Every structure is written in structure tokens, then in C-alpha cells.
Amino acid sequence: MSRTRQRRGEQLMVPRAEFESYYGRPIIHAPSWAARDIAGYFFLGGLAGAGSVLAAGAQLTGRPCTATAMKVSSFAAVSLSAAALIHDLGRPGRFPNMLRVFKPTSPMSMGSWLLSVYGPAAGAAALSAVTGRLPRAGATATAGAALLGPVLASYTAVLAADTAVPGWHGAHRELPYLFTASAAAAASGMALIVAPPRESGPARCAAVLAAAAEGVVTEAAERRLGMVAETWREGRAGTLLRTARALTLAGAATAALAGGRSRPTAVVSGLALLAGSVCTRFGVFTAGIASAEDPKYTVVPQWNGA
């Protein structure tokens, strides 16, 4: 309807929608997860899982420095990831208790078992690489960690999407791909930092592919979310996700154009990729919490005058 017709006092044919809940309270309970612990858990788990894949690839292609460094970084990342999860649980004894049940339909149960299997494999691979002992056992552990790596990088997205949180559940198809792409960008960034420039070719290619995939999947997720995508574009979450895109694209572009020429440039691009991945995980986490706390995204609209 034009502005001229609105000035004449004509009313809209369809009244505006109002989103209301009892006493203005949220319809669902937002997860009680602490952002620092769980968003950090998401990021560190992805870094570890994707890093194990890069480590295995580096070992197979004759890049020993990169392979050793990525094995060590993956073990460190999964250790910190487990520590963040245990800290959020409140008591260390709660984590072993989760292993008392093996429930394939529960992402939390499967995630606990995944950490329990992947962690020792990553640790054995790193120990063998650093000490040079038991190379066959180390190769087996490296292969095992690489096979479990993609699952570790993506399962946290399934964990989040399995909730009733609109900002996560609405993008349940795209979220695992987004987390995997973000994990690949982070692992590529770590490889650029720790590897000598002569061995950084695969990491630079992976960074470009991960940045492109992350951008495409993010757009697809926002289209599927519809109105809920506002939580991904506005407020603190919007700032984090825009920063993530800028950092990831800048890191990938720098790595592709000049990352193999000098170590300082590679380190700068690697840090940008890591920071971009951190912002992605914290941005998605923040968007989900915002969507759970706002009744607008969890109630059926009531029409004025209907």
C-alpha cells in the first residue's frame, strides 16, 4: 500500500502480528550452558578433529614437520575441549557417569564415547610422533584419529540442533556442514602457523575451500531459518558472525596469495583463520540463546483484529 493511501486513513487488510507469551516469559528454557565452556568446546573439538585429518594427510605426503605439529596440536585441543565440557558439567565425576550408558540416539551419549575413543588415539599418535617410538602403533593411532576426526568436528552441531532452540534446530541440516567447514578453516590456520612454508601447500588449499564452503553453508542456513535468521544477523551474534566471515575470508585470501612465501605472512593468515573459527562458534552459540529467550521465535503469532 502506498504512503498516499495510508495518509487517507485506510487500514491495512491484514493486521500486524503480535508475538506474546504468558507474562512475556520465554516459551522454552534456554540451555544453561556457559558460553565460554560450550562454545569453546565446540571450537576446540572441531580444531582437534580436522587437525587429525590434516596430520594424517601430511604424514602420507611426506611432510613430517607438519604431521608432528598437527598431531600435538590436535591432542592439546581435544584435551582442552574435554576440560571445558567437564567444567560445564560442574563435577568431574559426571563425565565418567555418562559412559555408563551407550545410547546411539543420544548425541550427548555418543559424544562422550567419541571423546573417550578419539582422545587416547590422538594422544598415542602425538606421543609416537614426538618420541619416534612405536612407529607402527603411531601410524595406526594416526589413522584412527583421522577416521574419527570428521565425526568429532561435526557431532557438536548435531548436539546443538537436537535441542528445541529455534536458532539451532531450524538449521539442523546445514549446521553440521557449517561446523565442519569452520573446523577445517581452524585446522588449516593451525597448520599455517606451525608448519614450515615449504610444507604449507595443502593447508593453504584447505583454507580456501573451507572459507568458500563456510560462506555458502551460512547463507543456506539463514535462508532456511527464515525469520529466526534475525538472531544470526543482529546483536552480538550478528557482530560475531560478520567478524568471522571477514577474518576467515582475509585469512584464506592471504594464505592463497602469499602464505607460502614467508613464515610471518603464514602466521598472520593462520591466526585470522583461527580467530574466524572462534567467532563462528561463539556467534552461532549466541544466536541460539537469543532465539530461545525471545518469544517471537517460539510462539504462534496472534493477529490483531482477527
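**Figure 1. Arg281 over the ring of Phe179 in the predicted model.** The charged end of Arg281 sits over the Phe179 ring. Its distance from the ring centre is 4.5 Å. Phe179 also belongs to an aromatic cluster, together with Tyr41, Phe42 and Tyr155.

**Figure 2. The tilted pair of Tyr41 and Phe42.** Five aromatic pairs occur in the structure. In this one, the ring centres of Tyr41 and Phe42 lie 6.1 Å apart. The angle between the planes is 40°. Tyr41 is buried, at 2% relative accessible area. Phe42 is buried too, with a relative accessibility of 2%.

**Figure 3. The tilted pair of Trp168 and Phe285.** Here the ring centres of Trp168 and Phe285 are 5.8 Å apart. The pair counts as tilted because its planes meet at 40°, and tilted covers angles that are neither under 30 degrees nor over 60. Trp168 comes from helix α7 (residues 166–169), and Phe285 from helix α12. The two are 117 residues apart, so the pair links distant parts of the chain. Trp168 has a relative accessibility of 1% and counts as buried. Phe285 is likewise buried, at 4%.

**Figure 4. The largest pocket.** This pocket holds about 160 Å³ of space. Helices α3 (64–89), α5 (107–131) and α6 (135–161) each give at least two residues to its lining. Among the lining residues are Gln59, Pro64, Lys71, Ser128, Pro135 and Thr142. By class, the lining has six nonpolar, five polar and one charged residues.

**Figure 5. The largest cavity.** The whole structure contains two cavities of 30 Å³ or more. About 60 Å³ of space lies in the largest cavity. Its lining consists of Ser52, Ala55, Lys71, Ser74, Ala122, Ala125, Thr142 and Ala145. At least two of these residues come from each of α2 (35–60), α3, α5 and α6. Four lining residues are nonpolar, three are polar and one is charged. Lys71, Ala125 and Thr142 line this cavity and also line the largest pocket.

**Figure 6. The second largest cavity.** This cavity encloses about 50 Å³. Leu178, Glu214, Thr218, Trp232, Leu241, Ala244, Arg245, Thr280 and Val284 line the space. Two or more of these residues come from each of α9 (201–225), α11 (235–258) and α12 (263–293). Helix α11 gives the most, with three residues. The lining divides into five nonpolar, two polar and two charged residues.

Terms used. Residues are numbered from 1 along each chain as its sequence is written. This is a predicted model: local features need pLDDT of at least 70, side-chain atom pairs count only at pLDDT 80 or more; totals for chains, interfaces and linings use all residues. Side-chain values use heavy atoms; hydrogens and water are left out. On a 1 Å grid over the protein atoms alone, a cavity is a set of points where a 1.4 Å probe fits but cannot get out, and a pocket is an open set with protein on both sides within 12 Å along at least five of seven lines; lining residues have an atom within 4 Å of a point. Grid points are joined across faces, edges and corners, and a volume is the space filled by probe spheres set on the points. Helices (H or I, at least four residues) and strands (E, at least two) are DSSP runs, numbered from the N terminus. Ala, Val, Leu, Ile, Met, Phe, Trp, Tyr, Cys and Pro count as nonpolar, Asp, Glu, Lys and Arg as charged, and the others, Gly among them, as polar. Rings of Phe, Tyr and Trp (its six-membered ring) pair if their centres lie within 6.5 Å; planes under 30 degrees apart count as stacked, over 60 as edge-to-face and the rest as tilted. Buried means under 20% relative accessible area, exposed over 50%, partly exposed in between (1.4 Å probe, protein chains only). A charge sits over a ring if NZ of Lys or CZ of Arg is within 6 Å of the ring centre and within 35 degrees of the ring normal.
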